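The following exercises ask the reader to derive local features from a set of coordinates. Each task is followed by a worked solution.

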Amino acid sequence: MEMKRVVARFMVHKVGSFVVKERVLCFGEYSFSTVDRENQHVTNTWPYEDVDGANVLEGETDFVIHTPRHRIKKTVFRCHFRMEVLVCLMRLRSQHYAKMPDAQPTLPELQTHSFQSLKYHKSGVQSACVVEIRPDGIYQKDTEGDLMSHIPYTSLVSIDLICDDHEAIALNHSDNSSLFIVPRRTELAQAINRVMKAYGMQINEYRKKTMEAAVKDDGKASLTTSVSFEYQVLKVSQSNESTAAPRTLSVSEKYITEYADAKTVISSRPLSRIYSLIMYQDTLQAFEIVYVDGVKRKYYSAQREKIVCELLVSCHALGNYQVGVEMTEVADWVRMIPRKIVLQEGNKIANIVSNVNVMDRELRVAQSTILQLLAVLGNRKTARTQRQLPRGLDEEMHSLAVELNVNTPTSGVIAQPNKPYEKSIYRLTLAPPAINEFMQILTERGDEYIGMISKILVSKNSVAIYWMFMVLSRLMESKAHKLQCRQLLLSNSLFMMTLLSMLDEDSHTESFLSDLPTMKLCQFILLLVKANVEKQRKLSETLYQHLATKYRMMLRILFSFPGLATVEACVGIVSRMTKNPAFLHFGNMGSPLRSNDGQVPRQTLSFGKTLNFGPSSQRGAPVLSSRPNIYSSRRNIFSSSRNNTLSSAGSSSSGATGTGSNVVVVQNPEVLLRQYRQFLEAACGALKMGIDQYDDPVFLRLRYRCRNTFLQELMSHLVGNFEEFKRVYSVDCCQFSGFIGTADGQREKTNFYLTPRALIAVQVVERHTHEIEYRTIEEVTQATAIPDAFILTAKKKLKFVYSDQSSDIVEKMRALAGVIGIHLRFTTRDKLPKQHAKTPMDHSAFQSNDLFDVQRRTGRHGSTHLRKKKLCFVDGTIEEFSNSSKKTYDLKNLRRVVIPGLKSDDTQAMVALEFSDCSRVVYVPYDMEKFLAALYDGYRYVDNFDVSLSREFPKLNPRMSPRALLKDEHERFLYLNHDGLYIPAHTVLEKEIETMGGEGVSITSATNRVTFALESLNMNVEMEDFAGKLMRGRLEKLSYGSLLRGINNLLEHSCKPPIRASEICVILETFCRINDGCYRIAMEQSNGGAMILVPTLAQKAVNRSGITPNSL
């Protein structure tokens, strides 16, 4: 064929005077031609400058192309995709005329009509834009002239002219609808009608929809979306790439929104419309988002790999699996043809060889191409690459394969041009015959190809490493080849050394592996760890032996606040480390894996008060003794010298006491990891799958919420020196100096530490620590007249911050908060309000017997510090007074009262209160019994029956419980389905307790499992949950006899020396919750006595099980 490149093909019939011939209509960049299918010869060619226009004929299939300057003046074609052919012809003619050097008047049918408008996005926001009616589609440009989105005429269905707003118009297309406010609405509708009529299509217009209905339809999802992550970027102009404007890229579970400032939206598009992500190799911070309609948005960001990782996971979680990472742009022409045409007509065009369909032929071409690349890179050719391919596979077949590959998101499609060949292998291995072939090659020539794979993994090319891990993960996910692949890889020492060294710091660049390959590395290691250990025990033990030495490197990844997929993979790996005997046996002697007593300081969930912020005094401390790495490498040697200040959690299991000033301790996060995995992997929803197995946006939102909460709570496990923490774990933290406003209206010199979780203010003189978490900040207020100050509104209190670096602090806070899905609200005023000096309060209004003299526990770098306060219980609230301040706590929100046992060095008993927002306050009352009596009366006064009493705080983190993570009824229903808050894990709990009821308690590990589940039940189930019908049905199925016998055995086991008082409290609280809930159901009048049998059954079960007051 004469044309160098074919842009698009269509199966047509050329209609002559006496005969109708089957032809392939091929469009190129400069001309279009007809090709005879039988002999592949070009029959006619027409340059685009010879075309004067095209018209539709009567019916739905025929059209005529007028070429008066050609020897064939006009040609009639017949095609079922008539409109697609005409739109393609119009687009290519427009592009051709735009490239011509001589300025020529624009033909009438190629003219563009522009309309200023305001677009309502589906994410619930609005943005100014320009709507352009072009010959080939409806384009929308932002205020800078960059393309924002595109509606092809082939997908336009109807137009809604809003009846109660004369400027509103809705364009309904196949994907969704777009709502615009256009002053020239009538002209816009007429322009669209003219173009559609030229294509032989009649567009329907409706005039009955109201603005309220249109906005509701368009913004109905805005009430249920939340920010997953947010990054500050620079948007590159499409017209002038040398200019870039600051933007905020905010992504929810459905949409990606670009903000110019807090109130100005530039664009907002569904994640389902993303086609690919491009990471440019020539510009380290440049990346581009390409949408399915051809729109491209290019950005600069130092965090581009984190953004790409998050976008990949979000798109894949919504079922948009076609999104991949590229290194170069894909030409526009490869996405010109709709998928439906390629799928329906691909077989007709290419089916020349009998008994070989188009997918099989593509697969064979791909096998030849990919195997050839592997052979060249492996420095040796194999006989397998010399196999003969079917006849007829020429350049045209390859061009068609490109179209199919780009437009068809199905498996078994061949390599794309300008893509890494690793991606070609991955797409190839989606077809079962190809993965069998590839696995056979690896088996036959393992050392040669695994050596080449190892070279790719140690390269600096993030995209190549990403696709190489995609291939390896595909092999590990194949049921037929998983064990064979694992055996092949784990038995290769070069591969194992390369794999593990990727977790360490590179001695040449002094940097760690970047985010994109780190994500795939962690996912691949998790696949190796999750495999069946019994069938390959020796290899598994060797893997665990070396992987256990990388525990701190896994923590380093988590403390860098990585993407969603990286965190989920790391949690899967590290949580298996904490309980797998092989990990414990082979781990470092100083590893927290060996310590089960390292806990978060129980009286606070913050980490600012458990860190000291003085300078580290011993940078060159000797290296701690540890088990040497078997697989040594330059990365390993260097990294071992950087772990010189780490200490085991066992050396400091109670706060910061005993921790040196130059040491940082990460206490064992086993329970937190277990909570994460339980929430992620529990069989939830209607289909009883893990939340990462659904393609529902709500489940993606829950995954991000769980990830963001986990990363913040993980920092609660830190004890020690802040500078060492920042240095050893390479955490994104920074320090500023300034002043903070105090209660008496003065300013105190303060050092500010910005961490990924909170802003920590450490007063220089008082050495008092204030931790202001980003999630508690309601608003940040700045003033144009005072640029060196701003106000933080947190928990309805104003925090005045003064610093010469105020703008830097605010920008860094915005960036750090965005990573964990927190959108900080900013306001700007002309002046800041004055800082009020608090005046002494008059306590004469309170009677002396109403006030309690207490001391409140605060923190100064982890050391105990008590301040005198006065308390008063008023109408179900606690009012706390000092000389000049007042705080109020609502007892309706009280969830737990903890009275720790007195230690040898304690002289006064403490009472710790935990509220529903997970805030905790600790008092030392002078009259303990009177204080507790007033507290009990206070929360009973407001009918709060969900308060737990215990000797210590539970090991479970309340912020990671399903009760805290599931915010509304819709989320609870989707996650819990018909189980109410009696979460699926409790089904296993019933079986464990029933087994204990029959066989007794056999091992301590079983008791720990049950206690963990009981604590989870106590934390998640409240009295009001028993009122629902779903819960009633769940309770009716319980075997109360077995349940109570199991509880009896648990109590007997916990009462054996040494007596575990905390376990006894948990078990009794569970019994009380179930019992009180059942009686509440029985006492309700609305049920007509239907559930009155529940307490009766419980009473019978008690009688049969033989539980006595003595046993309790």
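**Exercise 1.** Determine whether Asn-708 is buried or exposed, and identify its surroundings.

*Solution.* The model is a predicted one. The relative accessible area of Asn-708 is 6%. Because buried means under 20% relative accessible area, Asn-708 is buried. Next, locate the residue: Asn-708 belongs to helix α21, which covers residues 697-714. Then list its contacts, leaving aside residues up to four places away in sequence: Asn-708 touches Ser-228, Val-819, Ile-820 and Gly-821. Finally, inspect the polar atoms: one in the side chain of Asn-708 lies 3.0 Å from the backbone oxygen of Ile-820.

**Exercise 2.** Compare the expected span of helix α4 with the distance between its end C-alpha atoms.

*Solution.* Helix α4 comprises the 14 residues 304-317. The expected span is 1.5 Å times one less than the number of residues, so α4 should span 20 Å. The end C-alpha atoms of α4 are 20 Å apart, which agrees. As to its environment, α4 is mostly covered, with 13 of its 14 residues buried. Gly-319 follows α4 and has a positive phi, near 90°.

**Exercise 3.** Describe how the side chains of strand β28 are arranged and with which strands β28 is bridged.

*Solution.* Begin with the faces of β28, residues 734-741, along which the side chains alternate. Cys-734, Phe-736, Gly-738 and Ile-740 point to one face and are buried. Gln-735, Ser-737, Phe-739 and Gly-741 point to the other face and are not buried.

Turn next to strand β29 (residues 747-754), which runs antiparallel to β28 and is joined to it by eight bridges. Within this pairing, Phe-736 has Phe-752 as its bridge partner. The two strands form a hairpin with five residues between them, and Gly-745 in the turn has a positive phi of about 85°.

Lastly, consider strand β34 (residues 797-802), also antiparallel to β28 and joined to it by two bridges. Here Phe-739 stands opposite Tyr-802.

**Exercise 4.** State the strand order of the open sheet of seven strands and find its edges.

*Solution.* The order is β4-β3-β2-β1-β7-β6-β5, with antiparallel pairing. The edge strands are β4 (42-47) and β5 (53-56), each of which pairs on one side only. Neighbouring strands of this sheet are turned by 35° against each other on average, direction ignored. For one pairing in detail, take β2 (residues 20-27) and β3 (residues 31-35): four bridges join these antiparallel strands. Cys-26 stands opposite Ser-33 in β3.

Key. Residues numbered from 1 in each chain as written. Predicted model: local features only at pLDDT ≥ 70, side-chain atom pairs only at ≥ 80, totals over all residues. Heavy atoms only, no water. Buried < 20%, exposed > 50% of the residue type's maximum accessible area, 1.4 Å probe, protein only. Pairing = 2+ DSSP bridges. Polar contact = N/O pair within 3.5 Å; in protein donor to acceptor, adjacent residues only side chain to side chain. Contact = heavy atoms within 4.5 Å. Axes fitted to C-alpha atoms, helices over the stretch in contact; angles between N-to-C directions.
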